[in-house]
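Hi,

Here is the structure I promised to pass on. Have a look at it first, and then read my notes underneath.

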Amino acid sequence: MKADTQKFWNLAKTPTGGYSMDLFGVVGGDFFSESFDENDFLRDFRQIPSGSPIDISINSPGGSVFTAISIVSLLREHKGPVTIRVNGIAASAATMITSTPGAKVIMPRGSLMMIHRASCWVDGSSEEIHKKADILAKVEDQLVDIYMKKTGRTEKEIRDAMDATTWFSAEEAKAFGLADEVDESTQITNSIQGDTVVVNGLSMPKRFFGDSASRLFVAAARRAPAAVNEEESVMDLEKLKAEHPDIVAAIRDEAIAEGRQAERERIKELEQISLPGYEALLEKAKFQSNFTAEMLAVEIVKAQKAQASGTSQSIKEDADELKDLDLGMGVEAAGSENAEAQAKLIDEFIAAGKKAYIG
């Protein structure tokens, strides 16, 4: 390997006689340099006796699928126990490594996993593009097979998860079968700094996480720090009040101010949407703190529909009464011809009355 090339792995012997391997950053190294050399990696890996335990710590957004396949092949042939700990994130090609057959996968709380379909950059003629597409499809079949063997899930379940670019929390990864154990004693520390996400020290673009991971990341970011010194005391509300009353007071005042402002905005919106004749509904809405302008609009529409229904009923009743009126044409004396004329006149009168009433 060239002197200026950075390895993404680090191999060391542990005091207990086992070996540790750190896989941090992009699998295979940076995408734009030839930083992975299978021969160098193999030479380092061959230092590990066949039966020795290997503890792998991984924090990677993914990278080269072929690099991942090389590592999986070596780990699969190792005779000793292999334990893989996701100290941050294992996404894309990195999940192939964590899915090594026989390896035990541990995820601390706050750690993340992501699986998706394989992809690559393509250029060249249509024939060359078709060839690359065929290779990509075969690679994807390998991914599906690796995930199926690790999780015990069906091919459809795996492909559906890959199609959706599925993110998993530690608990979700265990439920799906990608992880074997959740380390409840450790919490991964995550943070957002502008457009950059830092997962346990590994920086990645925020856009890499998308909408699906945002919920996992926000939840993880609000939890306690990863490692808590046993000698440090836990800060609860009462202790915070006693030791930092100024901070508590500032938080309380800010919350009160925000609440008052939100209430003013709510009242303003209610008044803007209300209509004349519905003052009672408006007053009712004002005195219910969870009553929004949208809810008031719905209540007004309901009231209008009820009122319209009552008006229609009144018109019908009035019309029924008009049918019994004698317009002075002397039905008994006039005979059937005059009777028909009177009936026609009554119908026209009723129709005109309806129109005038509704209009």
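Below is what I found, going from the overall picture to single residues.

Before anything else, keep in mind that this is a predicted model. The protein has 359 residues, and 33% of them count as buried. You will find 12 helices and 11 strands in it. Looking at contacts with a separation of 6 or more, 63% are between residues 24 or more positions apart. The protein exposes about 22,000 Å², with carbon and sulfur atoms supplying 53% of that.

Now the inside. In soluble globular proteins, nonpolar side chains tend to be buried together. Here the largest nonpolar core has 47 residues, and Leu23, Ile56, Ile97, Met107, Met113, Tyr147 and Leu178 are the ones with the most contacts inside it. There is also a second, separate core of 12 residues, with Leu112, Met114, Met204 and Phe209 among them.

Tyr147 is worth a click. Leaving aside its neighbours within four places in sequence, Tyr147 is in contact with Ser92, Thr95, Met96, Ser99, Ile115, Gly152, Ile158, Met162 and Leu178. Two of those partners, Ile158 and Met162, sit in helix α5 (residues 155-163), where they are buried along with Ala161. Why do these three fall on the same side of α5? They cover an arc of only 100° around the axis, so they share one side of the helix. The general background is that an α-helix has 3.6 residues a turn, so residues three or four places apart point the same way. As for what covers the buried residues of α5, the list includes β6 (112-115), α4 (126-151), β7 (166-169) and α6 (170-176).

Just after α5 comes Thr165, which has a positive phi of about 50° although it is not a glycine. Thr165 lies in the loop between α5 and β7 and is partly exposed, with a relative accessible area of 31%. Ser92, one of the contacts of Tyr147, also has a positive phi, near 55°. Its place is in the loop between β4 and α3 (94-98), and Ser92 counts as buried at 17% relative accessibility.

On to strand β7, where Ser169 lies. Ser169 is buried, with a relative accessible area of 13%. Not counting residues up to four places away in sequence, Ser169 touches Met107, Ser111, Leu112 and Leu216. Of these, Met107 is listed in the largest core, while Leu112 belongs to the second one.

How many aromatic pairs are there? The count comes to one. The rings of Phe168 and Phe176 have their centres 5.0 Å apart and their planes at 45°, so the pair is tilted. Phe168 is buried at 5% relative accessibility, and Phe176 is buried too, at 13%.

Last, the charged side chains. The count comes to 12 salt bridges, and I looked at a few of them.

- Asp183 and Arg85: the closest N and O atoms are 2.6 Å apart. Asp183 is in strand β8 (residues 181-187) and Arg85 in strand β4 (residues 82-91), so the pair ties together parts that are 98 residues apart in sequence. Asp183 counts as buried at 12% relative accessibility, whereas Arg85 is partly exposed at 22%.
- Lys150 and Asp180: these side chains meet at 2.8 Å, N to O. Lys150 is in helix α4 and Asp180 in the loop between α6 and β8, so this pair links distant parts of the chain, 30 residues apart. Lys150 is buried, with a relative accessible area of 16%, and Asp180 counts as partly exposed at 37%.
- Glu157 and Arg153: the N to O distance in this salt bridge is 3.4 Å. Glu157 is partly exposed at 33% relative accessible area, as is Arg153 at 26%.

Beyond those pairs, Arg117, Glu140 and Asp163 are joined into one network by salt bridges that share partners.

If you open one view to start with, I suggest α5, with Ile158, Ala161 and Met162 buried and Thr165 following the helix.

Cheers

How values were computed:
Residues numbered from 1 in each chain as written. Predicted model: local features only at pLDDT ≥ 70, side-chain atom pairs only at ≥ 80, totals over all residues. Heavy atoms only, no water. Phe/Tyr/Trp six-rings, centres within 6.5 Å; stacked < 30°, edge-to-face > 60°. Buried < 20%, exposed > 50% of the residue type's maximum accessible area, 1.4 Å probe, protein only. Core = buried A, V, L, I, M, F, W, Y, C linked by side-chain atoms within 4.5 Å. Contact = heavy atoms within 4.5 Å. Helix = DSSP H or I, 4+ residues; strand = E, 2+ residues; numbered from the N terminus. Arc of directions from axis to C-beta. Areas by Shrake-Rupley, 256 points an atom, 1.4 Å probe, with all protein chains shown as cover. Salt bridge = Lys/Arg side-chain N within 4 Å of Asp/Glu carboxyl O.
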